[in-house]
Amino acid sequence: RLCTMVVAAAVGLLLAAFPVGKAAAQSAAPIKLDFAGSTTWIGQAPVMVAIKKGYFKDQGLDVTFQTILASSDRVRAVTSGDVAFSNLGRSSVISEMARGNKSFYFFANIDDSPGNEGCWARPGFASFKDLKGKKVAANTSAQITMNGLLSEVGMTEKDVQFVNLPPNEMAGALANSDVDAACVWQPLLGGLKTAVPGGKLLGTDKDTAMFKKYGTMASPDIVIISKKLVDEHPDQAAKLTVAMFKGADFVNANPQEAAEL
């Protein structure tokens, strides 16, 4: 909520200085501001919907959804200027900040979907206690969920053989017994169940202390935006913001239609 308030205040100031009405937007050729996102996480839906419903076009923007699966690659796309903004795992953002990458701003949160990230184990493993010394795969935010679930049974990451595996490779690794459990988000979590139907759901982020205390995902994605864009063209950043949050509002108000889109 605090993030939303801060963004709303900033957008208010930008809108006061730069009108972003449809009539003004249509007077010039659309401005190209692409988005880097993943097709393996439902949290990208607000931007997908904003593109499908023409909300960016209404603001005079031409936004293409560039599919880039890894969060670290999405950061690099923003840094290089290939895209203007991205929704991605905050652990990757923190890593880049620690390296001194100042090419982007932490921008907003359009994604908090608790219960849609969890860990699935092969048959024979009833809990994380059974996985002591075994191979457990996870990636970015799901690693935080994994650690939260381990903590619930008095274990840490050191008690298992952690495998940092690309999310789209987890189903195959689990089915081939290359790993004994995997932690990932929907819809890939459902893919793990399909690949190993006799397995067991060891828990979701709703079973972690993080959710119990704050009522949020273990690590919801966040939006980052090009610092160069905001500093040099705040009017364009304002228009982008209006369209993106209109997409988020639509998803919240019309989940079935959003799913069909």
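How many helices and strands does the secondary structure of the chain come to?

## Overview

This report describes a predicted model. The chain's secondary structure amounts to 13 helices and 12 strands. The chain has 261 residues, and 46% of them count as buried. A residue is counted as buried when its relative accessible area is under 20%.

Contacts across the sequence can be summarised as well. When contacts between residues at least 6 apart in sequence are considered, 79% of them join residues at least 24 apart. The surface that the chain exposes comes to about 12,400 Å², and 55% of this area is supplied by carbon and sulfur atoms.

## The sheet that contains strand E7

One open sheet is formed by 5 strands, in the order E9-E8-E10-E7-E11, and its pairing is mixed. Strand E9 (161-164) and strand E11 (200-204) stand at the edges; each has a single partner strand, so one side of each is left without a neighbour in the sheet. From one strand to the next, the twist averages 25°.

Within this order, E7 stands between E10 and E11. Strand E7 (residues 117-121) and strand E10 (residues 181-185) run antiparallel and are joined by 5 bridges. Along this pairing, glutamate 117 is opposite tryptophan 185 in E10, and glycine 118 is opposite valine 184 in E10. E7 also pairs with E11 in the antiparallel sense, over 4 bridges. Here tryptophan 120 stands opposite leucine 201 in E11.

## The surroundings of strand E7

Is strand E7 largely enclosed by the rest of the structure or open to the outside? Of the 5 residues of E7, 5 are buried, so the strand is largely enclosed by the rest of the structure.

The burial applies to both faces of E7. On one side lie Glu117, Cys119 and Ala121, and on the other lie Gly118 and Trp120; all of these are buried. Two of these residues have already appeared in the pairing with E10: Glu117 opposite tryptophan 185, and Gly118 opposite valine 184.

## The second sheet and helix H12

A further open sheet of 5 strands has the order E4-E2-E5-E12-E6, and its pairing is also mixed. Its edges are strand E4 (65-67) and strand E6 (104-108); each has a single partner strand, so one side of each is left without a neighbour in the sheet. Direction ignored, neighbouring strands of this sheet are turned by 30° against each other on average.

Inside this sheet, strand E5 (residues 85-88) pairs with strand E12 (residues 222-226) in the antiparallel sense, over 4 bridges. Leucine 88 has isoleucine 222 as its bridge partner in E12. Helix H12 (residues 234-253) packs on the sheet and touches E5, E6 and E12. The direction of H12 makes about 35° with that of E6.

## The second largest pocket

What residues lie nearest the centre of the second largest pocket? They are Ala70, Ser71, Asn139, Thr140 and Trp185, which belong to a lining of 24 residues. The elements that give two or more residues to this lining are helix H5 (71-80) and helix H7 (141-152). H5 gives the most, with 3 residues.

About 320 Å³ of space lies in this pocket. Trp185 links the pocket to the sheet described earlier: this residue is among those nearest the pocket centre, and tryptophan 185 in E10 stands opposite glutamate 117.

How values were computed. Residues are numbered from 1 along each chain as its sequence is written. This is a predicted model: local features need pLDDT of at least 70, side-chain atom pairs count only at pLDDT 80 or more; totals for chains, interfaces and linings use all residues. Side-chain values use heavy atoms; hydrogens and water are left out. Buried means under 20% relative accessible area, exposed over 50%, partly exposed in between (1.4 Å probe, protein chains only). Contact means heavy atoms within 4.5 Å. Accessible areas come from the Shrake-Rupley method with a 1.4 Å probe; for residues, only the protein chains shown count as cover. Two strands pair if DSSP finds at least two bridges between them. Axes are lines fitted to C-alpha atoms, for helices over the stretch in contact, and angles run from 0 to 180 degrees between N-to-C directions. On a 1 Å grid over the protein atoms alone, a cavity is a set of points where a 1.4 Å probe fits but cannot get out, and a pocket is an open set with protein on both sides within 12 Å along at least five of seven lines; lining residues have an atom within 4 Å of a point. Grid points are joined across faces, edges and corners, and a volume is the space filled by probe spheres set on the points.
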